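Me: Can you walk me through this model? Short answers, please.

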Amino acid sequence: MKRELVRFRKTDREIYYYDSVQRAGTMACARKLHALISEVLKTEKKRGVLILCIGTDRSTGDSLGPLIGHKLKNRPASRFLVIGTLERPVHAVNLEQARDMIRVCYPDYVIVAIDASVGRQSHVGCVTVGKGALRPGLGVCKNLNAVGDVFITGIVGGYGSRDPLMLQSVRLSIVMKMADYICESVSLVEQFWENRTLV
């Protein structure tokens, strides 16, 4: 069953949902991501983009961020700085250290935070994009500080179970589909900057 793009207003911000099964949707996802990043670059006078991929390779459901970081880091001539990979993940234990390093070394960069998340069961497999910070670990009862100017999440499970062990049973195929979808969207954003006629 095809799931269409959904715009959902939560408190004071809009969250956009994209179905990772519909690979043709990467263009719409990339356009929204490009618009959000461009808005922060302009309004806050930033000069670069940093992709912060959050998660751990020790849990299938929480490996989305490091998988994306690994894929993005291995691309040639990327315009974006990437932190958080399979080799050097950013997770609950070292997230504060990573935030401090970014604050000192890259204060004028737009931070695009990427993480796995939980949501409605019917939204599993969807990618969400929005402006503002995300709260890593919130769906599994971890209280971590918010991070990012723009966020991307991949919904790996339903929020009916707030048990962190739920992340261990997530199918890798779902995570890989979302990782490929997000990486393709990020690559398209870079192409938009190279060729403005695509936007």
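What follows is a quick chat about the fold, a pocket, the cysteines and some single residues.

Me: What should I know before reading any values?

Reply: This is a predicted model, where local features need pLDDT of at least 70, side-chain atom pairs count only at pLDDT 80 or more, and totals for chains, interfaces and linings use all residues. Residues are numbered from 1 along each chain as its sequence is written, and side-chain values use heavy atoms, with hydrogens and water left out.

Me: How many helices and strands does the chain have?

Reply: Four helices and seven strands. These are DSSP runs numbered from the N terminus: helices are H or I with at least four residues, strands are E with at least two.

Me: And in what order do the elements run?

Reply: From the N terminus, β-β-α-β-α-β-α-β-β-β-α.

Me: What share of the chain is buried?

Reply: Of the 199 residues, 51% are buried. Buried means under 20% relative accessible area, exposed over 50%, partly exposed in between, with a 1.4 Å probe and protein chains only.

Me: How much area does the chain expose?

Reply: About 10,200 Å², with 53% of that supplied by carbon and sulfur atoms. The areas come from the Shrake-Rupley method with a 1.4 Å probe.

Me: What about contacts between residues 24 or more positions apart?

Reply: They account for 70% of the chain's contacts with a separation of 6 or more. A contact means heavy atoms within 4.5 Å.

Me: Switching to pockets. What is the volume of the second largest pocket?

Reply: About 370 Å³. A pocket here is an open set of points on a 1 Å grid over the protein atoms alone, where a 1.4 Å probe fits and protein lies on both sides within 12 Å along at least five of seven lines. The volume is the space filled by probe spheres set on the points, which are joined across faces, edges and corners.

Me: Which residues line that second largest pocket?

Reply: There are 14, and Ile83, Gly84, Arg88, Val90 and Met101 lie nearest the centre. The elements giving two or more residues to the lining are β4 (81-83) and α3 (95-105). Lining residues have an atom within 4 Å of a point.

Me: How does the lining split by class?

Reply: Eight nonpolar, four polar and two charged. Ala, Val, Leu, Ile, Met, Phe, Trp, Tyr, Cys and Pro count as nonpolar, Asp, Glu, Lys and Arg as charged, and the others, Gly among them, as polar.

Me: How many disulfides are there?

Reply: Zero. The cut-off is a pair of cysteine sulfur atoms within 2.5 Å.

Me: Why is cysteine 183 not bonded to cysteine 53?

Reply: Because their sulfurs are 7.6 Å apart, too far for a bond, and cysteine 53 holds the closest cysteine sulfur to that of cysteine 183. Cysteine 183 is buried, at 9% relative accessibility.

Me: Now leucine 50. Where is it, and is it buried or exposed?

Reply: Leucine 50 sits in strand β3. It is buried, at 0% relative accessibility.

Me: What does leucine 50 touch?

Reply: Beyond neighbours within four places in sequence, its contacts are Leu81, Ile83, Ile102, Tyr106, Tyr109, Val110, Ile111 and Val112. Leucine 50 and valine 110 are 60 residues apart along the chain, with C-alpha atoms separated by 6.0 Å.

Me: Last one. What is the phi of lysine 45?

Reply: Positive, about 55 degrees, although lysine 45 is not a glycine. Most residues other than glycine have a negative phi. Lysine 45 lies in the loop between α1 (26-43) and β3 (48-53), and is exposed at 70% relative accessible area.
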